[in-house]
Amino acid sequence: MIAITGLYIYPVKSLKGIDLQASPLTIRGLKYDRNWMITDSEWQQVTQREIPEMATISTIIDGDFLTLRHEENGDLKVNLDQPAGSIIETKIWRDDCEVVDEGDVASQWLMEVLGELNGKSLRLVRMSNQYR
């Protein structure tokens with residue numbers, strides 16, 4: 001028998017998670033779990049291994065928005081609807097993935113909070129709806 005003692009989702013890989021009482025399941029698993037990630041400007045995945053300060057950013061799903069919250073830099077609101085844009089090919093560890101960039105406002109907010117990584121800007125991307 002399996003006992004579930006805690007249920008969490010991590011909408012953005014390597015940022016703080018959200019404690020849930022229940023979650024709908026989708027074809028990809030728990031709804032909104034790991035739908036987004038931070039990359040550098042060359043679309044390479046960035047984690048807390050490279051930028052430990054990522055652990056200081058909270059995530060909230062409320063209404064129509066994913067909110068990224070940082071104590072010193074305020075909030076970034078990202079619409080839950082898929083943005084229009086080109087599909088970008090990247091990797092998560094060894095898996096090829098298709099993502100869509102969340103735009104320059106999100107990138108600027110991340111840069112204010114986390115800075116650059118090895119001279120490269122940071123981007124917030126989400127899994128493309130077409131990716132399986």
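**A buried aspartate, two cores and a pocket**

Let's start with Asp101, whose side chain makes a polar contact with the side chain of Arg123 at 2.4 Å (an N or O pair within 3.5 Å, one able to donate a hydrogen and the other to accept it; residues adjacent in sequence count only if both atoms are side-chain atoms). The Asp101 side chain also reaches the backbone nitrogen of Gly103, at 3.5 Å. Asp101 is buried, with a relative accessible area of 18% (buried means under 20%, using a 1.4 Å probe and protein chains only).

A word on ground rules: this is a predicted model, where local features need pLDDT of at least 70, side-chain atom pairs count only at pLDDT 80 or more, and totals for chains, interfaces and linings use all residues. Numbering runs from 1 along each chain as its sequence is written, and side-chain values use heavy atoms, leaving out hydrogens and water.

Now for the greasy part. The largest nonpolar core (buried Ala, Val, Leu, Ile, Met, Phe, Trp, Tyr and Cys residues joined through side-chain atoms within 4.5 Å) has 22 residues, and Ile38 and Leu124 are among those with the most contacts inside it. Helix H1 (104-114) and strand S12 (122-127) are among the elements giving it two or more residues (DSSP runs numbered from the N terminus: H or I of at least four residues for helices, E of at least two for strands). H1 gives the most, with 6 residues. A second, separate core of 7 residues includes Ile88 and Met127.

Asp101 touches Ile88 and Leu124, among others, not counting residues up to four places away in sequence (contact means heavy atoms within 4.5 Å).

How values were computed:
Buried < 20%, exposed > 50% of the residue type's maximum accessible area, 1.4 Å probe, protein only.
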